[in-house]
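Visitor: I would love a close look at one part of this protein. Could you pick a helix and take me through its surroundings and its charged side chains?

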Amino acid sequence: MRANYLFTSESVSEGHPDKVCDRISDEIVDLVYREAAKTGIDPWTVRIACETLATTNRVVIAGEVRLPPSLLKKDKDGKDVINPSKFKSAARKAIRDIGYEQDGFHWKTARIDVLLHSQSADIAQGVDKAADHDNAEGAGDQGIMFGYACRETPDLMPAPIYYSHRILQLLAAARKKGEGDAAKLGPDAKSQVTVRYVDGKPAEVASIVLSTQHLDDSWDSDNVRSVVEPYIREALGDLKIADDCKWYINPTGKFVIGGPDGDAGLTGRKIIVDTYGGAAPHGGGAFSGKDTTKVDRSAAYAARYLAKNVVAAGLAERCTIQIAYAIGIAQPLAIYVDLHGTGKVSEDQVEAAIRQVIDLSPTGIRRHLDLNKPIYARTSAYGHFGRKAGRDGSFSWERLDLVKPLKDAIKG
């Protein structure tokens, strides 16, 4: 592991075209869970994989679902078909909350097409009854998922992505509150922070990049910097800004046309922003728009949960965990732990302890983290990790309730 180096991560705001799509897809997931609860449908039977595309005044929602009756209607032949009205309403509310009321993308006027259809029976049979016949759900797909934690920030996240997210979160909050000239910022923004590491620890910020949409056509880069710089400094907190730090604020000049009107968006294109900013591996699968039988989502949450608790337990300064699955098979094929030379115990001991403290089948993960509920819209921007666990059950994978069980398992 290098001691002295530069590392960079980026974040994108909730108004970035891809994040608009992630938000709509996760609002659809929450809608299905809410409607299931309202109508007495077992939440364990919910299935949804929802993809969204957005462009100039147009949104297309597609994918596969198993729906409660309240989201269906009868066609002319008396068959059950999807009723698009509640899906469209959920999308419009999301767009309005993000803040899009522009000629090229407006929550009221955007055309929304709902092209959802029933889940493939071939996929469903693998999920509903595991191929290894242990009476647990099988994994919704094959794949590898990673979790990571380190001691660089209070939330045990890598510093570059932590601060990149925080900058955009503060700007979005100020914009929505109407604070001074921040009210003239638009929803679409990107940040990027380069951190200089000394002796393996974050020492200072070497460069800051921020591009943000603004609604005042007369503004230039200097105007934007005067508005955003106080929020950037607040976001960085005690992390020093280097004396020679390079600032690039709206480096191309004006940024008035933004969001899906300026660039088409798709669900699942910001997976590194969603996770660790490139500081850790990623298995490749996106999270948003998927129910938690999809191990792309649930097992990535479990891997972060485990890595965070390993570090919080003082077993290592850094921890990467990989979990591998096969479609239709409930239990993971393999668990791999890397403590990056910082471990107080061996990787073999941690791997054995993990298997003792949690059932990593999709059923086990969903039960342990209580994932069968409408908690996903909030995950769609500013990262799925490094967030505060909510009273509503959101971000349950950020809890530190495995610290003692892991220590006990290793001692035992």
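Guide: Happily! This is a predicted model, and a good place to begin is Lys19, which is buried, with a relative accessibility of only 1%, below the 20% cut-off. Lys19 has a partner for its charge: it forms a salt bridge with Asp274, and the closest N and O atoms are 2.5 Å apart. That pair links distant parts of the chain, since Lys19 sits in helix H1 and Asp274 in helix H6 (residues 271–274), 255 residues apart. Asp274 is buried as well, at 2% relative accessibility.

Now for the helix itself. H1 runs over residues 17–38, and 19 of its 22 residues are buried, so the helix is mostly covered under the 20% cut-off. Its length fits expectation too: at 1.5 Å a residue, H1 should span 32 Å, and its end C-alpha atoms are indeed 32 Å apart.

Arg34, also in H1, offers another setting for a charge. Arg34 is partly exposed, with a relative accessible area of 35%, and it gathers with Lys93, Arg96 and Lys108 in a patch of positive charge on the surface. Just after H1, Gly40 takes a positive phi of about 75 degrees.

For wider context, the model has a count of 29 salt bridges. Among the other charged groups is a network of salt bridges that links Glu14, Arg23, Glu27, Asp97 and Lys176.

Methods: Residues numbered from 1 in each chain as written. Predicted model: local features only at pLDDT ≥ 70, side-chain atom pairs only at ≥ 80, totals over all residues. Heavy atoms only, no water. Patch = residues over 30% accessible without salt bridge, like charges linked within 9 Å, V, L, I, M, F, W, Y side chains within 5 Å. Areas by Shrake-Rupley, 256 points an atom, 1.4 Å probe, with all protein chains shown as cover. Salt bridge = Lys/Arg side-chain N within 4 Å of Asp/Glu carboxyl O. Lys, Arg positive; Asp, Glu negative; His and termini not counted. Charge placed at Lys NZ, Arg CZ, Asp CG, Glu CD. Helix = DSSP H or I, 4+ residues; strand = E, 2+ residues; numbered from the N terminus. Buried < 20%, exposed > 50% of the residue type's maximum accessible area, 1.4 Å probe, protein only. Expected span 1.5 Å × (residues − 1).
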